[in-house]
Amino acid sequence: MNESEYQSLLETSWRRPLTADELARLESWAAGHPEAQAEWEAEKSLNGLLARLPDAPVASNFTAQVLQAVEREAKAVSRQPSFLEQVKRWFQRPAPRLAWALLLVGVLWFGYDRHQANVRTDVAKGMSVLANVASLSDPAVLEDFEAIQRLSQTAPGVDDELYAVLNQ
Amino acid sequence: MSTSPDPDAALMLRVKQGDRDAFEELVEKYQQPVMNLVYRTLPDATEAEDLAQHVFLQVYKSAHRYEVSAKFTTWLFTIARNLCLNEIRRRSRHPADSLDETFADNEDQPIRQPEDVKNFSPPDSLLQSELEQKVEAALAELPEKQRTAILMCRGDEFSYEDIAKVLECSVSATKSLIHRGRETLKQKLKPYLKTGTWTDK
């Protein structure tokens with residue numbers, strides 16, 4: 001047995017009682033090494049103390065309480081609201097309601113603004129037509145309008161006769 | 001993974017399918033080891049039991065995510081340790097709050113029944129009781145990792161690899177934690193050990 005095996009047996013003793021063979025080998029080696037002997041005695045004592053530590057107190061109804069908690073958990077999960085319910089609840093909260101109100105006001109304002117813009121465009125178009133009317137020639141030009149129009153309404157045959165007379 | 005060599009993992013797979021009986025079996029089997037760890041991590045016995053119950057509730061809630069990639073006990077004790085650490089952190093932030101506020105759904109739960117407090121017979125010797133108190137006090141003063149490593153190491157249930165997984169460190173680091181913790185315990189208990197009164201029988 002060597003130092004490494006001694007350490008390995010010490011580590012084993014932390015987890016479980018050594019077998020008779022392991023114990024015999026360890027104590028035989030420790031007997032020839034006073035420092036190891038003292039260490040082993042302390043380790044052995046500590047192992048005994050830790051092994052004798054009592055179990056923590058557990059209520060007899062521990063399992064029942066856990067199962068009740070599981071039951072409550074299952075009920076809580078089944079009680080969870082549906083998506084629509086969650087959306088409805090969300091809308092009932094103050095902040096989202098305010099946000100939606102602001103959004104609605106914004107949409108209405110935008111619609112009103114677009115309407116006003118369209119009205120202004122129509123008015124501008126009307127004004128431009130009026131402006132064109134204002135740029136026409138003097139109304140005096142139209143003084144002989146009816147006579148000139150009548151000229152164009154004379155029968156084509158009259159012109160032909162006049163043309164023939166002029167040619168003679 | 002239709003078959004598993006770990007019977008607890010097989011039970012846990014049944015829990016994953018919604019089998020309450022399998023869950024009850026696991027709770028019955030591991031309530032004591034979990035309580036032993038939690039009880040020695042949190043100073044308050046009543047709150048330790050609340051937290052231990054919460055560990056199992058967490059196991060149930062997380063069952064759908066359970067994969068047989070490690071021993072069930074490693075997974076269970078990782079949950080237990082994480083909840084203990086969360087509670088310790090929470091207490092350091094809000095020292096006046098109780099666990100009831102954390103686990104509000106447990107409000108209607110009866111607190112620990114006094115008649116159930118100990119399921120072992122107290123030794124007839126007062127010396128033994130004093131000894132236990134000294135050991136418990138020395139354990140309580142250890143850093144959390146050293147204490148958890150030593151407590152998990154106490155039985156044959158966990159290998160060093162299992163303990164290392166729970167503590168999220170290497171096997172050599174785990175052994176080092178145990179060694180340092182035990183050295184501290186030996187130092188603190190030295191006066192008593194020297195008298196020979198407490199030496200192993």
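**Exercise 1. Describe the largest pocket of this predicted model: its volume, its lining and the elements that supply it.**

*Solution.*
Step 1. The space in the largest pocket comes to about 390 Å³.

Step 2. The lining consists of 21 residues, and those closest to the centre of the pocket are A:S13, A:R16, A:P17, A:N47 and A:G48.

Step 3. Sorted by class, the lining holds 10 nonpolar, 4 polar and 7 charged residues.

Step 4. At least two lining residues each come from helix 1 (3–15) and helix 3 (34–51) of chain A, and from helix 7 (144–153) and helix 9 (171–195) of chain B. Helix 3 of chain A gives the most, with 6 residues.

**Exercise 2. Determine how many residues of chain A and of chain B take part in their contact, and how much area is buried between the chains.**

*Solution.*
Step 1. Chain B contributes 56 residues to the contact and chain A contributes 37 residues.

Step 2. The size of an interface is often given as the accessible area lost when the parts come together. Between chain B and chain A, the buried area is about 4500 Å², with carbon and sulfur atoms giving 56% of it.

**Exercise 3. Identify the polar links between chain B and chain A, and the elements of chain B that touch chain A.**

*Solution.*
Step 1. Side chains of opposite charge can pair when their charged atoms come close. Between the two chains there are 5 salt bridges. B:K175 forms a salt bridge with A:E11, where the closest N and O atoms lie 3.0 Å apart.

Step 2. Polar contact joins 16 residue pairs across the interface, counting pairs with both residues at pLDDT 80 or more.

Step 3. On the side of chain B that touches chain A, two or more residues come from each of helix 2 (20–39), helix 3 (45–61), helix 6 (126–140), helix 7 and helix 9 of chain B. The largest share, 10 residues, belongs to helix 2 of chain B.

Step 4. By class, this side of chain B has 23 nonpolar, 12 polar and 21 charged residues.

**Exercise 4. Explain which parts of chain A are tied together by the salt bridge of A:R25 and A:E5.**

*Solution.*
Step 1. Over all chains, the count is 21 salt bridges.

Step 2. In the pair A:R25 and A:E5, the closest N and O atoms are 2.2 Å apart.

Step 3. Because A:R25 lies in helix 2 (residues 20–31) of chain A and A:E5 in helix 1 of chain A, the pair ties together parts 20 residues apart in sequence.

Methods: Residues numbered from 1 in each chain as written. Chains lettered and ligands numbered in written order. Predicted model: local features only at pLDDT ≥ 70, side-chain atom pairs only at ≥ 80, totals over all residues. Heavy atoms only, no water. 1 Å grid on protein atoms, 1.4 Å probe; cavity = no way out; pocket = protein on both sides within 12 Å on 5 of 7 lines; lining within 4 Å. Points joined across faces, edges and corners; volume = space filled by probe spheres on them. Helix = DSSP H or I, 4+ residues; strand = E, 2+ residues; numbered from the N terminus. Nonpolar A, V, L, I, M, F, W, Y, C, P; charged D, E, K, R; others polar. Contact = heavy atoms within 4.5 Å. Buried area = accessible area lost by both parts, 1.4 Å probe. Salt bridge = Lys/Arg side-chain N within 4 Å of Asp/Glu carboxyl O. Polar contact = N/O pair within 3.5 Å; in protein donor to acceptor, adjacent residues only side chain to side chain.
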